[in-house]
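Q: Please take a close look at the sheet in this structure. I should like to know how its strands are arranged and what lies against it.

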Protein chains: 2
Amino acid sequence: MSFRERLRAASERSGSLLCVGLDPDPARLPTHLGPADDARTVLAFNRAIIESTTDLVCAYKPNLGFYLAYGPAGVEALIETRRLIPPEIPVILDAKVGDLGNTSVAYARAYFDAWNFDAVTVHPYMGEDSLEPFLSRSDRAVFVLVKTSNPGSGDLQDLPVTDEGTTEPLYLRVAERARRWQGRYGTCGLVVGATYPRQLAEVRERCPDLPILVPGVGAQGGDLTTTVQAGLDPAGGGLLINAARGVIYAGTGPDFAQAARRAAIELRDAINQARQS
Amino acid sequence: MSFRERLRAASERSGSLLCVGLDPDPARLPTHLGPADDARTVLAFNRAIIESTTDLVCAYKPNLGFYLAYGPAGVEALIETRRLIPPEIPVILDAKVGDLGNTSVAYARAYFDAWNFDAVTVHPYMGEDSLEPFLSRSDRAVFVLVKTSNPGSGDLQDLPVTDEGTTEPLYLRVAERARRWQGRYGTCGLVVGATYPRQLAEVRERCPDLPILVPGVGAQGGDLTTTVQAGLDPAGGGLLINAARGVIYAGTGPDFAQAARRAAIELRDAINQARQS
């Protein structure tokens, strides 16, 4: 089954476009779980978050950086976290990878084969051949950074670029490439930050049927209704609305998992309301 | 001491612009060292390579991907590899990182603080704010991908971009930004592939005094003399010519470390000859 089929099934089963970001920040882990600098605390935290949200999400997305900050034990916790997630829920490793040749092959071997993630996020700057070891895996997916959620993302992404007789912002030329990679490989998705709803609508128009991963709702300030309406595909889906801090750190006491569940339900429902409005 | 001062000192001490890439490929590790899929074999390999080349290089550059492919034990081997390298030789972690906000902070904490690397390579696509946690570390360095060595690097990097009234290829706008980041932070370097000597000369003209890391000599096909002449700074230095496969896999038998040493001497001397010609 392709990633897209699995994503659609997970989204229909849960009635949800919510993707929960599993980003363990030592400054925010509930203290009763154990020392914040111990990767076992991360694993206990993730286990509780996963158990309390597994029926509410279409996907999970751990970000590699937070795990590497724990060293070798963090990588172990990351691999184990993937194992804790039911196999029918796709897991996207937010690794923002972008390298070349046999190095990309090594990354794909780690992320897809050894660690068993269903998808990765990638940097487009090095071009198609650099991503081929990821794109060519027909049962996985590759989410290409198009327009990122950070305040300064326009620095390069918004620059007008002339390409094939068209002049438009770089992020749209990246979306155009991803559209073609989708035609060639069938494994492409996009990343567009919720903080840029106008650009999200443009990207959706350019790529009507690609899944779009949308970080930046909540803590980063993106407005939910605007975002959802800008990003839905013609069938009313095709979005993964990612929330990390707003869900996983909704509570910090012994009831943090229940607090996360309540926050996830609220967000799932708000997304669904925006889908229908 | 700043990274640049340490780099210059290492380069003068060794009389060398050679940077050796420590990229353990399980398919190419000498079989007598142990099982190729065991991270301890990687460490034994790196130890021998480092011991036999330490007086011949200005820096080492391990690529994160090859270590992650070994899982948690690979990260341990990477951290231990850094410890094996004498502190006066700068070590660049080729992680091609590019993320935002508190995630970039987590990466910086891992790569610079916990693992003690002197520099990292970064993707520019997400803009200055995404790189600030790296750039702002006055005792470290950040090598920005400008024009990469892979065949398809022109896909986006060569597109003409209009920026501040100037129209030129994207990679030159990235070089221009790096030049300003250097003015602001003093910690910037560049990455330009040896496979593109014309573009290397352009980038050098734009950024006369930034260190340029140049991968792609040898295995990837870049011509050494052309590359060195295109990339030297006005003082006849400022280059890190990276070689991995051509040096570390020069031999595969029990004498692999001696073979690596011979290859490194040959390359160091060839680089120095090109500097003077």
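A: The following account describes the sheet of chain A and then turns to the core and to the pair of chains. The model is a predicted one.

In chain A, eight strands make up an open sheet, and their order is S2-S1-S10-S9-S8-S5-S4-S3 with parallel pairing. The edges are taken by strand S2 (59-62) and strand S3 (92-97) of chain A; each has a single partner strand, so one side of each is left without a neighbour in the sheet. On average, neighbouring strands of this sheet are turned by 30° against each other, direction ignored.

Within the sheet, strand S4 (residues 119-122) and strand S5 (residues 141-147) of chain A run parallel and are joined by four bridges. In this pairing, A:Thr121 stands opposite A:Phe143 of S5(A). Helix H9 (residues 197-206) of chain A packs on the sheet, where it touches S5, strand S8 (188-192), strand S9 (212-214) and strand S10 (239-243) of chain A. The direction of helix H9 makes about 170° with that of S9(A).

Beyond the sheet, the largest nonpolar core has 203 residues, of which A:Tyr111, A:Trp115, B:Tyr111 and B:Trp115 touch the most other members. Among the residues that B:Trp115 touches are A:Leu68 and A:Gly71, as well as B:Leu64, B:Val75 and B:Leu93.

As for the two chains, a rotation of 180° with 0.0 Å of shift along its axis superposes chain B on chain A, with an RMSD of 0.0 Å. The two copies are thus related as by a two-fold rotation axis. Of the interface residues of chain B, 100% are also interface residues in chain A, so the copies meet through the same surface.

Conventions
Residues numbered from 1 in each chain as written. Chains lettered and ligands numbered in written order. Predicted model: local features only at pLDDT ≥ 70, side-chain atom pairs only at ≥ 80, totals over all residues. Heavy atoms only, no water. Core = buried A, V, L, I, M, F, W, Y, C linked by side-chain atoms within 4.5 Å. Buried < 20%, exposed > 50% of the residue type's maximum accessible area, 1.4 Å probe, protein only. Contact = heavy atoms within 4.5 Å. Least-squares fit on C-alpha atoms with pLDDT ≥ 70 in both. Pairing = 2+ DSSP bridges. Helix = DSSP H or I, 4+ residues; strand = E, 2+ residues; numbered from the N terminus. Axes fitted to C-alpha atoms, helices over the stretch in contact; angles between N-to-C directions. Lists of a residue's contacts leave out its neighbours within four places in sequence.
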